[in-house]
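Here is a short report on one strand and its neighbours, with a note on cysteines. Keep the sequence and the 3D view open while reading.

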Amino acid sequence: MTNTIRNPGVRALTTDEVERIRDSFIAAARRAELAGFDGVALHGAFGWILSEFMSPLLNNRTDKYGGTTENRARLTIEVIEGIRRECGSDFQIGWRFSVERYGLLLEELREIAAEILDRELIDYLDLALWDSAQIVREGAFSGQTMLSVFTSLPRKGVRLGVAGKIMSAQRAGQLLDEGCDFVLIGRAGILQRDFPLQVKKNPMYDSPELPVRAQYLRDGGMSELFINHMRGWPSFVQRFSV
């Protein structure tokens with residue numbers, strides 16, 4: 001048995017199918033290398049499959065990919081190890097992971113991250129937070145910033161970056177001061193495509209106040225298709241704006 005079905009109509013992956021998914025990640029990275037890319041970023045955040053395997057709520061398997069923390073982390077680690085084996089030491093591997101929602105447990109994820117950093121399995125860790133300033137509300141790290149839970153880990157040669165409502169030059173600088181090696185920009189880069197250059201020129205640069213008019217996005221070169229997509233984000237595009 002590989003797991004107990006909790007949702008009607010959902011079939012558990014067999015162990016062989018999980019291993020084929022693992023091998024597909026590795027093969028995709030190898031194709032990227034052959035195509036001329038210098039590295040890949042593994043998406044282990046926001047409920048995608050690597051993240052789901054980490055969750056004791058979503059993963060109730062009874063094979064080697066479920067149960068203990070070590071087993072639930074196995075798929076991610078086997079993917080990373082396989083990419084390193086196939087693509088070599090000079091090929092860059094990033095791991096994007098989140099610690100919120102989907103039944104994920106912060107204490108477990110810190111333990112997993114600590115092992116990956118200690119073994120230097122990756123080149124950088126992308127901590128994907130909804131808000132880079134958020135405070136842990138419960139558990140062993142209650143009262144600390146979510147970021148500090150990970151910046152306090154020894155990371156040897158691995159770099160650590162963070163994402164989450166970074167909208168100004170000042171905030172980016174604060175995060176570097178708090179122990180990050182770099183920051184990752186999402187919405188700020190959509191609003192201003194040359195955000196890094198704006199920050200470089202002006203240490204007081206701040207993003208336009210949200211929500212913005214749709215015409216502002218058009219003037220910046222955004223397509224109507226993407227503008228409509230961004231209307232799905234609360235408070236990004238003014239309602240009924242043209």
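The text below starts with strand 4, moves to its partners, and ends with the cysteines. The model is predicted.

**Strand 4 and its cover**

Strand 4 covers residues 159–163. Of its five residues, four are buried, so by the under 20% relative accessible area cut-off the strand is mostly covered.

**Partners on the sheet**

Strand 4 pairs with strand 3, residues 124–128, in the parallel sense. Five bridges hold that pairing. Strand 4 also runs parallel to strand 5, residues 182–184. Here the bridges number three.

V162 of strand 4 is a handy residue to find in the viewer. Opposite V162 stands L127. In strand 5, V183 is the bridge partner of V162.

**Crossovers**

Each of these two connections runs through a helix. From strand 3, helix 5 (residues 146–151) leads to strand 4, and the three make a right-handed β-α-β unit. Strand 4, helix 6 (residues 169–177) and strand 5 also form a right-handed β-α-β unit.

**Cysteines**

A disulfide is a covalent bond between the sulfur atoms of two cysteines. How many disulfides does a search of the whole structure find? The search finds zero.

Two cysteines have these computed values.

| Residue | Relative accessibility | Class |
|---|---|---|
| C87 | 7% | buried |
| C180 | 6% | buried |

C87 counts as buried because its relative accessibility, 7%, is under 20%. C180, at 6%, is also under 20% and therefore buried.

Conventions. Residues are numbered from 1 along each chain as its sequence is written. This is a predicted model: local features need pLDDT of at least 70, side-chain atom pairs count only at pLDDT 80 or more; totals for chains, interfaces and linings use all residues. Side-chain values use heavy atoms; hydrogens and water are left out. Buried means under 20% relative accessible area, exposed over 50%, partly exposed in between (1.4 Å probe, protein chains only). Two strands pair if DSSP finds at least two bridges between them. A crossover is right-handed if, with the strands pointing away from the viewer, the path from the first strand over the helix to the second runs clockwise. A disulfide is a pair of cysteine sulfur atoms within 2.5 Å.
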